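These are my notes from an afternoon of looking things up in one structure, taken in the order in which I followed them.

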Amino acid sequence: MKRKLTIQLLAMLFSLHCFAQNQMKFSAQSVKEDLKFLYETLDKSDYDLYANTPKVIFDKEYDRISQSIPDSLSPIQTDRLFHTFVALAKDGHCTLPDPPLSSYISYLQNGGTLFPLNVYFKNQQVFVLDNYSSDTLIVPGDEIISINGKPIHDNLKNIYNYICSDNDYSKNATIETWSFPRIFWIVNGENKNYNVGIKKQNGKQINAYILSISGGEFEGKMAQKKPLMNQTRNFQFIDDIAYLKPGIFYNAPKDGNIQVNSNMLDNKEFTHFLDSCFTIIHNKKTHDLIIDLRDNPGGASSLSNPMVAFFATKPFIWGSKFLIRTSEISKNFWKDFNDTSRLFLDLKKEVMSRENGSRFEISANKYKYQPRNDSLRFNGKVYVLINRFSFSQAIEVAAMIQNYGFGKLIGEQTSPLMSANARQFKLPNTQMTISFSEAYYGDTSLINGVIPEYKISDDILTEKDEILDYTLNFIKKGNN
């Protein structure tokens, strides 16, 4: 799952002023010990830490970081070091919590300021989304070409080194999710004023000299905006078309503070929600169903498979094989895992019986999930909405629906997906939580993400929902 609920949690914590942090520092020795523990644990626990970056580069970076710690470090300084190291994996499931909430909120409560322009990405270019500066010449849709004399893409390279994600496309989506002002501070620290190169929509270029914005004022403005990663489950009818937004494929706690454990995979509440939705769909005899997987951070197949089963036309599973690595951390997770499905029972047995560090393969085909065979099975046409903020399990679901021909995909290309089964451990001194990938998919077809049959992008500068509107018109015109 891709780390996306923290922005909503951040706004809540800041508004309630319920999260404080003393200006503690970690000794150089403590940081070095944690860096060593971090690297050794990832090396022996992650399925393939070196799939995207050779071990020699990890070793070189480890030595560089170790030698760069002459004195004690603050939590944010430590986070910057550890994030850049873990980001070498180029794996969205191998990461630290982001943004570092305690450091960020402490910074804001002490009067910290931020870059006053929020951004969005389009065709590898960076555009103004929100202008919180006093310069009224800068408007949404203007292109940002430089910050403080440095080309915008050089600024981005520095930020990319910090972000734990698969490629630049998914890193841009992560920046949009966190918001650029937050991540710009996290990576670069505070700056009171900025010289920003702007390319106006008529092609004219200007230099704007703007002051930073109070972090508290920025968070107040962000709290008024619609959350980017909205996890609310939603079911409704739009005319005679059924619309289902399943939300995150986890049994999420009410406070939204997700912890990776076996309880989050309990699907009882979700399947009850699905039963009620498809009962209404059956009673209304609708012929068209929209499944909205946009802005979805993912989750687990124990929740997504029961949903797909309502409209699947044949037994299904994602990929032909699943690659797993055992570790002490992995075994601690699986020993408390009580899902009784055949796949999870076999996985648990294999993990618990093998030596730590061993890798094995599960042939997925014999664990295919069965379609519903009762009156609630949906026999109409299915349309699945995806975008660049569809992550992890949401990507798998979209790919599976596309591969089996269960429905048509509409929207934007998703982020890539190669790894799975995020597990966590804590560093002994700093108590930072690290996630890693216990498993890899044997199928490499998602190395560039899922590409929809019908490519439509939302215009972020309008209140309209272009992807949904296109889909509704597509259905009504009978273009099936």
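I began with N118, which I found in strand β2, residues 117-122; I keep in mind throughout that the model is predicted. I looked up the accessibility of N118 and read 4% in relative terms, and because the cut-off for buried is under 20%, N118 counts as buried. I then asked what the side chain of N118 has as a polar partner, and found one of its polar atoms 3.2 Å from the backbone nitrogen of F180. Leaving aside residues up to four places away in sequence, I listed the contacts of N118 as F127, V128, L129, D130, S179, F180, P181 and M222.

Since F180 had come up, I turned to helix α8, residues 180-188, whose axis comes within 9 Å of the axis of helix α4, residues 75-86, with a crossing angle of roughly 90°. An angle of 65 to 115 degrees counts as roughly perpendicular, so I entered α4 as roughly perpendicular to α8. On the α4 side I noted I76, D79 and R80 as making the contact, and on the α8 side W185, I186, V187 and N188. Sorted by character, the residues of this contact are four nonpolar, one polar and two charged.

Next I went to strand β4, residues 143-147, and asked how many of its five residues are buried. I found that four are, so I describe β4 as largely enclosed by the rest of the structure. I looked up its pairing with strand β6, residues 193-199, and found the two antiparallel, with four bridges between them; within this pairing, I144 stands opposite I198 of β6. Strand β5, residues 150-151, also runs antiparallel to β4, joined to it by two bridges, and here I147 stands opposite K150. I recorded β4 and β5 as a hairpin with two residues between the strands, and in the turn I noted a positive phi of about 55° at N148.

My last entry concerns an open, six-stranded sheet, which I read in the order β9-β10-β11-β14-β15-β18 and whose pairing is mixed. I marked β9 (234-238) and β18 (454-455) as the edge strands, each of which pairs on one side only. For β9 the partner is β10, residues 241-245, in the antiparallel sense and over five bridges, and I picked out K245 in β10 as the bridge partner of N234. I also followed helix α10, residues 268-284, which packs on this sheet and touches β9, β10 and β11 (288-292), its direction making about 10° with that of β9.

Terms used:
Residues numbered from 1 in each chain as written. Predicted model: local features only at pLDDT ≥ 70, side-chain atom pairs only at ≥ 80, totals over all residues. Heavy atoms only, no water. Pairing = 2+ DSSP bridges. Contact = heavy atoms within 4.5 Å. Axes fitted to C-alpha atoms, helices over the stretch in contact; angles between N-to-C directions. Buried < 20%, exposed > 50% of the residue type's maximum accessible area, 1.4 Å probe, protein only. Polar contact = N/O pair within 3.5 Å; in protein donor to acceptor, adjacent residues only side chain to side chain. Parallel < 35°, antiparallel > 145°, perpendicular 65-115°, else oblique. Nonpolar A, V, L, I, M, F, W, Y, C, P; charged D, E, K, R; others polar.
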